[in-house]
Amino acid sequence: MSGILNKTLLHPWHSAHGARFTEFAGWDMPIRYERGPVAEHRLVRASCGLFDISHMGRFVVRGEPSTAFLDELLSSPIAGLRSGQSSYALMCRDDGGVLDDVFVYRISATHTFGEEGWLVVVNASNREKDLSWMRAHEKSGLTIVDASADIAMIAVQGPRAIELVDLLCGGQAGSVERFFSRECAFDGIPALMGRTGYTGEDGVELYVAAGSAVNLWEKILESAERAGIEAGPIGLAARDSLRFEPGFPLYGHELSEERTPLEAGLKWACDFSKPFAGSDAMVVRARSEDAVRLVTLRMVDKAVPREGFPVFDAVDCHERVGIVVSGMYAPTVDGYYANAYVPAHNAVRDTPYSVEVHGRLKSAIVVKRPIYRPSYRSA
Amino acid sequence: MNFDETVRYMKSHEWVRKDGNLMITGISDYAQDSLGDVVFVELPEVGATFKKGDAFGVVESVKAASDVFMPQSGEIVEVNTQLDDNPALVNESPFGEGWLIKFRPTVPEEWSELMDMPAYRKYTDELEE
C-alpha cells in the first residue's frame with residue numbers, strides 16, 4: 001500500500017520514532033506516536049507539540065492582478081490584508097458549496113519564497129481540485145505556482161511553543177502578532193514563520209525549504225530538551241481532536257461542496273461587504289426552508305458518535321433529521337461530542353437529539369460552540 | 001508485547017482465562033497496541049447469553065470501533081464496570097484490570113478449540129509480516 005503513497009521528507013524520522021502510519025489524502029502520514037493520541041493531545045494543551053504538515057498544498061500567487069483575483073475567489077477580506085498578514089478563508093463554488101478552506105498569507109520578499117506575493121495553503125485532499133479551479137479563473141498577468149514539493153511545513157503549537165521557537169530565532173516569535181508572519185533564521189535555517197495554527201493553542205507554522213525540514217525539526221526538539229520544555233511529535237489522530245475542541249472545521253467532514261460556509265457556522269470568515277464566489281448563493285440557501293446548520297452535540301448517554309451516524313428528532317424518534325460529520329472523545333473537556341448537521345430551525349442550544357450508535361439511540365444535546373476556548377482568544 | 005501464558009486466544013485477539021467455573025475475557029496486548037488509546041467500552045447486560053463468535057460488545061479507540069467476540073458460548077455473569085470511568089485500563093492492563101466480561105460457559109469443551117500462547121504468538125508474528 002505504502003508504495004503508491006506520497007511521503008513527506010520527515011517520513012523516515014517518523015518511522016524511526018515509533019510512528020504508526022495511515023493513508024491520508026494520498027499520503028502516508030503518522031497517525032500517532034508511542035505516547036498515543038490522548039497523551040499527544042494533552043501534551044499540546046499543556047506544553048508543546050510538533051506537527052509535520054508538509055502534506056498540505058502550498059501555492060504561490062504573484063502578479064499585478066493577484067490581489068483582485070484572490071479577493072474575488074476567497075471569502076475573507078483579502079484586499080485589506082497588510083504585508084505579512086494572513087487570513088483563514090473559504091473558497092466556494094458559484095452555488096456557495098465549499099471547495100476548500102484555506103489559509104492565505106500576504107508575503108513580502110523572502111528568502112524562502114522569493115519575491116513578494118501570496119501564499120495559499122490548501123488541504124492535501126483538495127490540492128489538484130483547487131489548482132484547477134484557480135487556473136480556470138486565472139487572469140492575464142497572474143502566475144500560480146504549486147510550491148508544495150519545494151517547501152515543507154512544520155507547526156509548533158502549545159502554551160510553550162513561542163518560548164521554544166524563540167530559543168532558535170533570537171526571540172522574534174513573541175513579537176509577531178497573531179495572524180502575521182515574518183521570515184527569520186532558526187539557528188541559521190531561514191524559514192517563514194506564521195503566528196497561526198489549527199489547535200486552539202498559541203504557536204507558529206514554519207515554512208522551510210524542503211531540504212532543511214528534517215534539520216529544523218530536529219533543532220526544535222533538541223532545543224526543547226536542552227531548555228526542559230516538554231515537547232514531542234503529534235500525529236493526525238490528535239491533530240483531529242485538537243482542532244475539534246476549539247470548533248475548527250475539517251474539510252471532508254464539517255465542510256464539503258454540499259454545504260455552504262453559513263451552514264457550517266463560518267459567517268465570521270465571510271466578508272459580505274464585497275462580492276466573492278458563491279456569496280449571493282449561500283445567502284439565498286441560508287434562507288431556504290430546508291437549510292441545515294452545523295451544531296455541536298454533547299452525548300448525554302455515553303457513546304462515541306462517529307462520522308455518518310444518523311441523528312433523530314428526540315421526540316419523534318422515527319424521523320431522521322440530521323447526520324454526524326465528526327465525532328469523538330474530546331480529551332480536554334473529557335466527554336463525547338459530535339458535530340452534526342441538523343435543520344437550521346432546530347439548532348439552538350439545549351435542543352435534544354438522539355444519535356444512532358451501533359443500532360441504538362443515544363441521547364444528545366446541542367451545546368455552545370466551541371467546547372474548548374482557544375487560549376489566544378482568552379489572553 | 002506481552003503474551004499471557006495462562007489464557008487461550010481467538011484469531012480476533014480476545015483472550016479467555018478459566019476462573020473456577022467461570023471464564024474471564026478481555027483483549028490481548030497485541031490488540032490494544034493495534035487499536036491505540038481506548039476511549040469507550042460498550043459491554044453487554046448481565047444475564048445475556050451468546051454463542052461462540054457472537055459480538056458481545058464494542059471497544060472504541062480514538063479512531064475506530066471494534067466489535068469484540070465471545071471466545072466460547074456462555075451467559076454473562078459480570079462486566080468490568082471500572083471501564084465505564086477508566087476505559088484506558090484496557091491499554092494499561094489488557095490481561096489484568098482491563099478485563100471485559102466474566103461468563104458461565106455453556107459449552108466448556110470449546111476451550112480446546114482456542115489457540116494457546118505459542119500458537120497465538122506465532123499467529124501475530126505472521127500478521128506483522
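**Notebook: chains A and B, predicted model**

I began with helix 7 of chain A and looked up what lies over its buried residues: the cover includes strand 1 (20–24), strand 2, helix 2, strand 3 (49–52) and strand 16 of chain A. This is a predicted model, and I read every entry below with that in mind.

**Helix 7, chain A.** I checked how far the helix, residues 236–244, is covered, and found 7 of its 9 residues buried. I listed them as A:Leu236, A:Ala237, A:Ala238, A:Arg239, A:Ser241, A:Leu242 and A:Phe244. I note that A:Arg239 and A:Ser241 are among the buried ones.

**Contact between the chains.** I went next to the interface, where 13 residues of chain A are in contact with 9 residues of chain B. On the chain A side, I find that strand 2 (27–32), helix 2 (37–46) and strand 16 each give two or more residues. By class, I get 8 nonpolar, 2 polar and 3 charged residues on that side. I recognise strand 2, helix 2 and strand 16 from the cover of helix 7.

**Strand 16 and the barrel.** I followed strand 16 of chain A (residues 320–330) to strand 15 (residues 310–313), and the two are antiparallel and joined by 3 bridges. Within this pair I located A:Val311 opposite A:Gly322. I then traced the whole sheet, a closed barrel of 6 strands in the order 14-17-16-15-18-19, with antiparallel pairing. For the turn between neighbouring strands I have an average of 45 degrees, direction ignored.

**Nonpolar core.** I looked up the largest nonpolar core and found 140 residues in it. I wrote down A:Val104, A:Ile154, A:Val156, A:Leu297 and A:Val355 as the members with the most contacts inside it. Strand 6 of chain A (residues 98–107) gives the largest share, 7 residues. I took A:Val156 for a closer look: leaving out residues up to four places away in sequence, it touches A:Cys48, A:Leu50, A:Ala161, A:Leu164, A:Val165, A:Gly203, A:Val204, A:Leu206 and A:Ile220.

**Strand 7, chain A.** From strand 6 I moved to strand 7, which pairs with strand 6 in the antiparallel sense over 5 bridges. I find strand 7 (residues 117–122) mostly covered, with 6 of its 6 residues buried. I also checked strand 4 (residues 57–62), which runs antiparallel to strand 7 and is joined to it by 5 bridges. A:Val121 of strand 7 turned up in both pairings: I have it as the bridge partner of A:Arg58 and opposite A:Phe103.

**Chain B, sheet.** I turned to chain B and traced an open sheet of 3 strands, order 4-6-7, with antiparallel pairing. I put strand 4 (38–42) and strand 7 (65–69) at the edges; each has a single partner strand, so one side of each is left without a neighbour in the sheet. The twist I noted averages 25 degrees from one strand to the next. Between strand 4 and strand 6 (residues 55–61) I find 4 bridges, and B:Glu42 stands opposite B:Val58.

**Chain B, Asn86.** I found B:Asn86 in the loop between helix 2 (82–85) and helix 3 (89–92) of chain B. I logged it as partly exposed because it has 14 C-beta neighbours inside 10 Å. I also looked up its C-alpha separation from B:Val39, 47 residues apart along the chain, and got 8.2 Å.

**Scores.** I closed with the confidence values: ipTM is 0.91 and pTM 0.95 for the model. Chain B averages a pLDDT of 97, and 100% of the residues score at least 70.

Technical notes. Residues are numbered from 1 along each chain as its sequence is written. Chains are lettered from A and ligands numbered from 1 in the order in which they are written. This is a predicted model: local features need pLDDT of at least 70, side-chain atom pairs count only at pLDDT 80 or more; totals for chains, interfaces and linings use all residues. Two strands pair if DSSP finds at least two bridges between them. Axes are lines fitted to C-alpha atoms, for helices over the stretch in contact, and angles run from 0 to 180 degrees between N-to-C directions. A nonpolar core is a set of buried Ala, Val, Leu, Ile, Met, Phe, Trp, Tyr and Cys residues joined through C-beta atoms within 7 Å. A residue is buried if 20 or more other C-beta atoms lie within 10 Å of its own, exposed if 12 or fewer, and partly exposed in between; C-beta atoms are placed from the backbone. Two residues are in contact if their C-beta atoms, placed from the backbone, lie within 7 Å. Ala, Val, Leu, Ile, Met, Phe, Trp, Tyr, Cys and Pro count as nonpolar, Asp, Glu, Lys and Arg as charged, and the others, Gly among them, as polar. pLDDT is the predictor's confidence in each residue, from 0 to 100.
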